[in-house]
Amino acid sequence: MKKDLGVKPYLFPMPVLMIATYDADGAVDVMNMAWGGICAPDMVALNIGENHKTAKNIEERRAFTLSIVDTPHIEAADFFGIATGNKMADKFERSGLTAVRSDHVDAPVVEEFPVTLECEVVAIQDDHGHNRVVGKIVNVLADEEVLDENGKVDPTKLNAFVFDQFQNGYYSIGEKVGQAWHAGTGLMRK
């Protein structure tokens, strides 16, 4: 029997996304966010509260990078979700991570994160106190260590983790359990 839980943001898994921007002074800001993802083959959509420093940076710079973080950097990733750049001027420096300027957009690339999407803002929509940011992916960077023999990202090498909205936990991912657009083909023959 199912139990009624009311209105909750209960989807699983949720991505752990690192959004990196520059502020007006050129300082690096990184935010941990779960409410975003791919919305078209070359587009991402993010939902960011208007009060976040990252939201202001995106509005001013019209660019950001979006990275997948790996479990060796979980401490920094969680810190980026706890600390606010609005109150902590040295937030990025405290993480001990390094950033370089993107060659494609006006945003930083955090070198320790294995996969980074470089994005230009194409739309910002006000949605009840949140900004829905749509970004065009102009390039993807990946560490060679996470690529397979064909030059594609191998999820089993990413050492990535996801967020659970049920109990606010992080869970590692990586084991392949099936092949998309193939696992269900047996039912097509019925």
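Let's start with a buried charge pair. Asp-23 and Lys-53 are both buried. This is a predicted model, so keep that in mind throughout. The two side chains meet in a salt bridge, 3.1 Å from N to O. Where do Asp-23 and Lys-53 lie? Asp-23 sits in the loop between β2 and β3, while Lys-53 belongs to helix α1, so the salt bridge ties together parts that are 30 residues apart in sequence.

Side chains of opposite charge can pair when their charged atoms come close. How many salt bridges does a search of the whole structure find? Seven. I will take two more of them.

Next pair: Asp-106 and Arg-61. They form a salt bridge too, with the closest N and O atoms 3.0 Å apart. Again, the pair links distant parts of the chain. Asp-106 is in the loop between β7, residues 99-101, and β8, residues 108-110. Arg-61 is in helix α1, and 45 residues separate the two. Buried or exposed? Asp-106 has 26% relative accessibility, so it counts as partly exposed. Arg-61 is partly exposed as well, at 21%. The cut-off for buried is under 20%, which means that Arg-61 falls outside that class. This pair is also part of a network. Arg-61, Arg-101 and Asp-106 are linked by salt bridges.

Third pair: Arg-132 and Asp-127. Their side chains meet in a salt bridge at 2.8 Å, N to O. Arg-132 counts as partly exposed, with 30% relative accessibility. Asp-127 also counts as partly exposed, with 26%.

Back to helix α1, since two of these pairs use it. The helix covers residues 53-61. Which residues of α1 are buried? Lys-53, Thr-54, Ala-55, Asn-57 and Ile-58. And what covers them? Strands, among them β2, β3 (28-33) and β5 (43-49). The cover also includes β6 (63-68), β9 (115-127) and β10 (130-142). Now look just past the end of the helix. Arg-62 takes a positive phi of about 60° there.

Glu-59 is in α1 as well. Its relative accessible area is 47%, so Glu-59 is partly exposed. Which residues join Glu-59 in a negative surface patch? Glu-50, Glu-60 and Asp-126.

There is a nonpolar surface patch too. Leu-5, Tyr-10, Phe-12, Phe-166 and Tyr-171 form it. Together they have about 500 Å² of accessible area. Take Phe-12 from that group. Phe-12 is found in the segment before β1. It is partly exposed, with a relative accessible area of 46%.

Phe-12 brings us to some backbone geometry. Most residues other than glycine have a negative phi, and most peptide bonds are trans. Which form does the bond from Phe-12 to Pro-13 take, cis or trans? Cis, with omega near 0°. Pro-13, too, has its place in the segment before β1.

Now for positive phi. Asn-159 is not a glycine, yet its phi is positive, about 60°. Look for Asn-159 in the loop between α4, residues 155-158, and β11, residues 161-164. Asn-159 is partly exposed, at 35% relative accessible area. Trp-181 is another case. Its phi is near 60°, a positive value in a residue other than glycine. Trp-181 lies in the loop between β12 (169-172) and α5 (185-188). With a relative accessible area of 84%, Trp-181 is exposed.

Last stop: Val-16. Where is Val-16? In the loop between β1, residues 14-15, and β2, residues 17-22. Val-16 has 5% relative accessibility, so it counts as buried. What is Val-16 in contact with, leaving aside its neighbours within four places in sequence? The list includes Asn-32, Met-33, Ser-67 and Val-69. Also on it are Phe-161, Val-162, Phe-163 and Tyr-170. One distance to finish on. Val-16 and Ala-77 are 61 residues apart in sequence, and their C-alpha atoms are 8.3 Å apart in space.

Key: Residues are numbered from 1 along each chain as its sequence is written. This is a predicted model: local features need pLDDT of at least 70, side-chain atom pairs count only at pLDDT 80 or more; totals for chains, interfaces and linings use all residues. Side-chain values use heavy atoms; hydrogens and water are left out. Patches are made of residues with over 30% relative accessible area and no salt bridge: like charges are joined within 9 Å, nonpolar side chains (Val, Leu, Ile, Met, Phe, Trp, Tyr) within 5 Å. Accessible areas come from the Shrake-Rupley method with a 1.4 Å probe; for residues, only the protein chains shown count as cover. A salt bridge is a side-chain nitrogen of Lys or Arg within 4 Å of a carboxyl oxygen of Asp or Glu. Lys and Arg count as positive and Asp and Glu as negative; His and the chain ends are not counted. The place of a charge is taken as NZ of Lys, CZ of Arg, CG of Asp or CD of Glu. Helices (H or I, at least four residues) and strands (E, at least two) are DSSP runs, numbered from the N terminus. Buried means under 20% relative accessible area, exposed over 50%, partly exposed in between (1.4 Å probe, protein chains only). Contact means heavy atoms within 4.5 Å.
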